[in-house]
Amino acid sequence: MKFGVIRFPGTCDDVDAQLAAARVGEAELLWHGDRDLKGVDAVVVPGGFSYGDYLRAGAIARFAPVMESVIEFANDGGLVLGICNGFQILCEAGLLPGALLDNESLKFVFRQVQMDVVDRNTPFTRNCPPTLSIPVKHMSGRYYSPEPVQVVLRYAAGHNPNGSQDDIAGVVNIAGNVFGLMPHPEHAVDPLTGSEDGLTIFESIRAAVDERVRVA
Amino acid sequence: MSAGAQPKHRELGLTDHEYDLIVTGLGREPVDVELAMLSLMWSEHCAYKHSKKLLRRLPTEGEHVLVGPGENAGAVDVGDGLAIAFKVESHNHPSAVEPFQGAATGVGGILRDVFAVGARPIAVLDSLRFGEPATSQRSRYLLEHAVAGIGHYGNSIGVPTIGGEIYFEPSYEQNCLINAMAVGLAPHDRLTSAAAAGVGNVVVLFGALTGRDGIGGASVLASAELGEGDEAKRPTVQIGDPFTEKKLMECSLELLDRGLLAALQDLGAAGLTSSASEMASKGGVGLDIDVGRVPLREADMEPFEIMVSESQERMLCVVEPGRVPEVLSVCEKWEVPATAIGEVTDTHSFRIFKDGELVGELPVPLLVDDCPLYDLEPEPPTVPLYVGGEQQVATDADPVTILRALLASPNITSRRVVFEQYDSIVQSRTVRRPEQADAAVLALPVLSVATGAGGAPIPAIAVSIDGNGRRVAVDPRAGAAEVVYECAANLACVGAEPLGLTNCLNFGNPEKPHVAWQLSEAVDGLAQACRDLEVPVVGGNVSLYNESPDGPILPTPVIGMVGKLPDARRAGQIGFANAGDRIALIGEFHPSRDGSEVAKLHGSAPAGALPAKDVSAIRVAHSRVREGVRAKDFVSAHDIAEGGIAVALAECCIAGGVGAVIRLPEGLDPFGEDLGTAFIVSGTTEALAGLPIIGAVGGRDLIITDLLEVPISEVSALHAGGLSALLS
Amino acid sequence: MRARVLIRPKAGILDPQGQAVERALPALGFSGVSAVHVGRLVELDVDDATQLPSMCERLLANPLVEDYEIIENA
């Protein structure tokens with residue numbers, strides 16, 4: 001099973017995501033300028049500051065050549081995970097509803113947060129425990145959507161770091177194959193550097209892909 | 001610019017004597033572009049006129065040293081064919097004028113120094129000093145914006161800010177200190193020199209376009225005391241762009257990985273002038289540069305402007321002619337503008353052309369080596385230089401009141417509200433985050449499922465940055481030595497052995513005898529402590545003329561130290577953990593009040609004397625703690641620093657969320673200080689056998705028998721809220 | 001033609017930047033200030049002004065959370 005991790009100019013957590021994904025399958029980096037997704041089974045759009053967050057976070061990255069292929073892949077039912085800046089890019093690209101606005105505090109926030117997994121019926125959370133301890137690190141993580149959305153993760157009481165509506169930390173699209181979250185599961189895969197809860201998200205994706213392969 | 005009565009050279013900061021030396025050295029008067037270049041290269045910031053002779057007293061050799069002072073960053077061997085490059089630099093004067101950009105570009109500049117030697121930056125640390133936040137809105141403003149600037153740059157470029165320190169003293173009100181340290185990792189064979197080589201090789205400038213940023217900026221600012229009229233200096237502050245630097249960094253590292261470069265150098269203070277001339281000097285060659293080929297952001301820039309511009313995010317490299325197309329192609333892939341602007345010659349001359357026409361020519365040695373070095377004329381001060389502040393706590397206050405005041409005081413209280421603005425985990429190496437241990441810890445290997453399989457040790461490095469002003473003011477020689485001992489003590493607490501250090505010396509005007517004395521004494525103290533602990537200096541920085549009409553800042557040496565520990569899984573931590581664990585005091589500890597935080601709260605000026613140090617006892621204590629942590633005998637280890645043993649114990653309880661019952665040795669001052677000498681450790685009775693036991697972990701209060709009793713929940717809240725109360 | 005695009009947060013969405021500025025002004029001694037909002041300005045030379053709305057919809061603004069105003073011949 002192979003993960004593809006997109007790298008844009010300014011992406012910071014691409015190698016971290018690749019290392020995390022490599023703990024459950026194979027993982028390779030996909031260059032922003034290249035439309036070829038190299039036959040990966042799941043796409044990860046990682047965190048960082050693609051294009052310096054110029055104009056709006058994710059506003060420019062969404063038009064990268066690789067994103068045309070990612071949109072097509074998603075429309076065909078492929079699994080896409082967007083982490084932090086990745087979540088922002090997926091919202092800008094219209095693959096997820098809503099938008100990420102500036103943190104209410106107007107400051108960058110780095111903190112380990114507790115989250116409730118409110119929907120464990122997604123390919124991204126099927127192997128997750130009921131709660132997750134995962135770090136957030138962002139300037140613009142306040143989720144907003146005027147329409148109802150499929151919430152997958154909510155910050156536990158008192159843990160909302162950015163003022164997002166309804167304490168939303170992660171959402172999935174209606175088809176259930178595109179998932180965006182502000183916390184960084186790739187930074188919660190090794191007890192040496194934090195918790196291991198984030199690994200369960202990558203394991204869920206692996207299990208979902210394996211099942212599809214078996215069914216197919 | 002001031003009225004025409006002043007000769008140009010004086011306007012640019014050169015003395016008449018220096019100008020005469022230039023004329024003699026050139027055999028003629030310099031033209032404008034040459035004068036501008038010389039005025040920057042001969043400024044204090046670039047030439048270290050008043051400090052170079054002094055810095056030769058520092059020990060720079062050691063068995064782990066790969067690169068010593070003189071290159072963009074020093075480097076030490078950490079085993080397995082890997083090197084750690086690191087350096088600290090100041091950006092004090094620009095930050096006082098524009099704190100966000102000053103701090104941001106300080107981070108940008110030190111990062112470039114590290115990847116210029118071929119190391120991938122893996123960490124940033126910052127040492128910040130401001131005036132009193134409770135009473136100075138300006139200092140709160142500077143703190144808030146400097147922190148935002150550091151976060152902006154470090155977070156955006158994907159390098160974790162893993163540690164730092166922040167101190168507040170009235171002395172820094174007009175002269176804040178912003179010292180930024182970067183740490184990088186490289187395989188030995190990617191370490192690169194800046195020495196230009198190969199006559200006929202091409203000089204390529206790559207990175208951001210060149211504009212008018214900082215013209216007459218950092219170097220000149222750093223060579224003058226700040227006075228009235230700083231507003232006019234604002235246009236010369238550099239603006240940083242971390243996105244551009246991220247691309248520049250990836251591009252530079254790829255160029256090095258592919259072996260495409262003969263030399264690499266970053267552009268910092270004095271821009272193209274210092275970068276190019278230092279490359280030529282190191283290589284013993286000459287350079288021809290055509291400023292007409294430099295890609296500009298602004299139209300109609302004059303040759304001198306192009307040569308001294310401090311536009312950020314630019315690098316210079318030397319490339320064999322045949323490899324230039326490949327270099328340009330790598331730059332294009334990373335969307336980094338790159339242009340061939342000159343070539344290496346066999347003259348010892350730096351020749352400036354404008355579209356093929358010669359506009360300036362300077363002998364390289366004149367620019368780089370011939371700046372006069374001045375001897376200091378040190379004299380101990382005859383009057384007190386620093387005054388005490390307002391009394392915050394009565395001298396007869398009870399111990400609980402004193403402890404509460406210390407834990408909430410700006411110099412001791414939690415820095416969480418600051419470090420939560422920094423990403424300290426990107427790159428997935430961080431084993432100890434801020435406030436978890438006395439030093440930051442980073443794993444060396446890339447962590448995968450296989451790392452550490454079967455219990456195999458995971459090598460790691462530890463980094464700490466520590467400085468002091470108040471105690472160095474009491475006694476510059478002993479105080480500077482104490483800073484080194486304290487920094488090493490922080491490393492010992494996580495189980496690390498020091499490999500090397502970098503220093504930033506922040507002082508007042510060295511032309512004044514009492515400041516010269518402070519500087520000279522501090523360097524001697526620093527040198528002695530380095531020899532005592534066998535830790536070499538691999539590089540550093542000096543920031544002078546930090547002075548206002550009220551006088552010099554507290555003499556403030558800042559030390560950044562890197563150490564190694566064999567197994568990241570055995571890195572130490574501050575917090576007590578298990579009820580029933582015993583608590584021991586390790587080290588020859590002789591605390592006193594002079595120069596302490598409690599004395600400051602009582603309104604005292606920094607005066608008196610620091611405790612004498614027994615160096616062999618220090619070495620024994622550091623070694624004992626290091627070994628105990630590595631053996632996992634010590635569940636926790638924390639050095640006793642500001643606030644004394646009572647504060648250190650409270651910090652261990654707060655970090656662990658658990659209380660303790662303590663009986664201090666007879667007559668031991670709970671709030672006196674003796675930095676770098678003593679530690680609080682905890683562990684099982686068996687593990688601590690033979691050590692002086694002072695108490696046990698347990699309960700929900702910190703109880704120091706016959707002295708004080710406080711609930712941990714209460715002191716935790718005080719400790720957590722100290723800074724946010726001041727900043728909201 | 002020189003055009004100017006003003007991008008504003010949509011009414012009803014929390015605008016913490018606007019609130020921060022609204023708090024800061026009285027602290028500096030300016031009274032009678034209210035309804036502060038902070039947005040963005042994009043200035044550009046265009047050959048074909050009819051393309052501006054499309055530029056705004058696709059890139060310059062996020063229509064979900066922002067309103068835009070185009071000023072031509074600015």
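What follows is a walk through the chain contacts and one sheet of a predicted model.

On the confidence side, the model comes with an ipTM of 0.97 and a pTM of 0.95. For chain C, the pLDDT averages 93, and 99% of its residues score at least 70.

Turning to how the chains meet, two pairs of chains touch, and the pair with the most contacts is A and B. That contact draws 26 residues from chain B and 23 residues from chain A. On the chain B side, three elements each give two or more residues: helix 8 (137–157), helix 10 (242–257) and strand 14 (430–432). Sorted by class, this side of chain B holds ten nonpolar residues, ten polar ones and six charged ones.

Chain A also meets chain C, with ten residues of chain A in contact with nine of chain C. Here the chain A side breaks down into five nonpolar residues, four charged residues and one polar residue. Chains B and C, on the other hand, do not touch, and their nearest C-alpha atoms sit 12 Å apart.

Within chain B, there is an open sheet built from six strands with mixed pairing, and the strand order reads 1-2-3-6-4-5. Strand 1 (65–67) and strand 5 (161–168) of chain B are the edges, each pairing on one side only. From one strand to the next, the twist averages 25 degrees.

Inside this sheet, strand 3 (residues 82–90) and strand 6 (residues 177–187) of chain B pair in the antiparallel sense, with nine bridges between them. As a handy landmark for anyone looking at the structure, B:Ile84 stands opposite B:Leu185, the latter being in strand 6 of chain B.

Two helices of chain B go with these strands. Helix 7 (residues 99–116) of chain B packs on the sheet, where it touches strand 3, strand 4 (120–130) and strand 6 of chain B. The direction of helix 7 makes about 25 degrees with that of strand 6 of chain B. Helix 8 of chain B, for its part, lies across strand 4, strand 5 and strand 6 of chain B, and runs at about 180 degrees to strand 4 of chain B. Helix 8 thus turns up twice in this account: it lies across strands of chain B, and it is also among the elements that give two or more residues to the side of chain B touching chain A.

Note on methods:
Residues numbered from 1 in each chain as written. Chains lettered and ligands numbered in written order. Predicted model: local features only at pLDDT ≥ 70, side-chain atom pairs only at ≥ 80, totals over all residues. Contact = placed C-beta atoms within 7 Å. Nonpolar A, V, L, I, M, F, W, Y, C, P; charged D, E, K, R; others polar. Helix = DSSP H or I, 4+ residues; strand = E, 2+ residues; numbered from the N terminus. Pairing = 2+ DSSP bridges. Axes fitted to C-alpha atoms, helices over the stretch in contact; angles between N-to-C directions. pLDDT = per-residue confidence, 0-100.
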